[in-house]
Amino acid sequence: MSDIGSVRRFDDALFSARDIETGYGDLQVLYGVDIDVQADEVVLLFGPNGAGKSTLMRALFKQLPLWAGTIELDGRDLSRFSSNEMVPNGVAYVPQTANVFPNLTVSENLDIGSIHAEAPAERRETMYELFPRLAERQDQDASTLSGGERQMLAMARALVPDPDLLLIDEPSAGLAPKLIERAFDHVDRIREAGTAVLMVEQNVLAALEVTDRAYALDMGENRFEADADTIRDSKRVRDLYLGT
């Protein structure tokens with residue numbers, strides 16, 4: 001098990017973010033954050049409200065400009081790319097809100113996601129296999145879906161282009177307690193299908209069940225990084241961040 005007092009850097013990581021700084025206007029939010037995600041790995045980002053977690057996700061998808069730092073995927077520098085260039089270059093993003101088109105059908109949402117797919121019809125069928133409930137709902141408007149079904153659709157739409165890395169902000173947000181475990185099951189299945197995942201999640205203990213490693217972010221800085229077992233078993237983490 002790793003030491004929660006340190007933040008490791010992985011030279012062979014699929015995705016690496018180094019020394020990330022950004023903010024809003026004159027307000028700096030992130031101060032030199034490092035993140036690594038290895039291939040076929042689920043990595044959790046957690047911390048208190050206001051720590052900068054969602055800001056980091058937006059910066060990694062280039063919805064916010066990098067004030068400093070670099071982003072690389074499979075050895076390619078994506079630091080100067082726009083958000084529109086991220087999906088065709090292997091990075092997809094599921095924001096916490098406004099992540100589907102409610103007035104379009106499930107099938108039409110997937111059609112939009114398939115714009116950058118090399119084999120759209122094949123990828124759409126793969127999504128129906130990964131999320132069978134969506135196949136049953138494909139002609140329904142997204143606005144008629146349950147919260148859990150809508151989250152499935154958001155993930156599926158992001159996955160249609162077959163990204164190397166999926167960024168997910170709060171996959172369990174707004175879900176009934178009985179659906180939270182199912183949401184993380186979907187995250188695990190995405191990883192098993194060959195897509196690495198970086199997710200922000202407040203429900204840390206549930207998320208750790210499908211997590212390989214986790215980073216704690218606090219006041220815009222890395223506090224520590226460790227494997228899931230170390231995070232789960234650490235009294236320090238429980239006292240500082242989990243309240244258990």
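What volume does the largest pocket have? The answer is about 470 Å³, and since you are looking at a predicted model, please take this tour in that spirit.

**Stop 1: the largest pocket.** Start by selecting Phe61, Val87, Tyr93, Arg157 and Ala158, which are the closest to the pocket's centre among the 21 residues that line it. Next, colour three elements: β6 (91-94), α2 (106-113) and α5 (147-159). Each of them gives two or more residues to the lining of this pocket. Now try colouring the lining by residue class: you should find 14 nonpolar residues, six polar ones and one charged.

**Stop 2: the second largest pocket.** Move on to a space of about 170 Å³. To show its lining, select Gln96, Thr97, Ala98, Asn99 and Val100, then add Gly147, Arg150 and Gln151, and finish with Glu170, Ala173, Gly174 and Leu175. Keep the class colours on here too: this lining has four nonpolar, six polar and two charged residues.

**Stop 3: a patch on the surface.** Switch to a surface view and pick Phe101, Ile112 and Ile115. Together these residues form a nonpolar patch with about 270 Å² of accessible area. Zoom in on Ile112, which sits in helix α2, one of the elements you coloured for the largest pocket. Is Ile112 buried or partly exposed? Ile112 counts as partly exposed, because its relative accessible area is 31%, and the range for that label runs from 20% to 50%. A patch residue needs over 30%, a cut-off that Ile112 passes with its 31%.

Technical notes:
Residues are numbered from 1 along each chain as its sequence is written. This is a predicted model: local features need pLDDT of at least 70, side-chain atom pairs count only at pLDDT 80 or more; totals for chains, interfaces and linings use all residues. Side-chain values use heavy atoms; hydrogens and water are left out. On a 1 Å grid over the protein atoms alone, a cavity is a set of points where a 1.4 Å probe fits but cannot get out, and a pocket is an open set with protein on both sides within 12 Å along at least five of seven lines; lining residues have an atom within 4 Å of a point. Grid points are joined across faces, edges and corners, and a volume is the space filled by probe spheres set on the points. Helices (H or I, at least four residues) and strands (E, at least two) are DSSP runs, numbered from the N terminus. Ala, Val, Leu, Ile, Met, Phe, Trp, Tyr, Cys and Pro count as nonpolar, Asp, Glu, Lys and Arg as charged, and the others, Gly among them, as polar. Patches are made of residues with over 30% relative accessible area and no salt bridge: like charges are joined within 9 Å, nonpolar side chains (Val, Leu, Ile, Met, Phe, Trp, Tyr) within 5 Å. Accessible areas come from the Shrake-Rupley method with a 1.4 Å probe; for residues, only the protein chains shown count as cover. A salt bridge is a side-chain nitrogen of Lys or Arg within 4 Å of a carboxyl oxygen of Asp or Glu. Buried means under 20% relative accessible area, exposed over 50%, partly exposed in between (1.4 Å probe, protein chains only).
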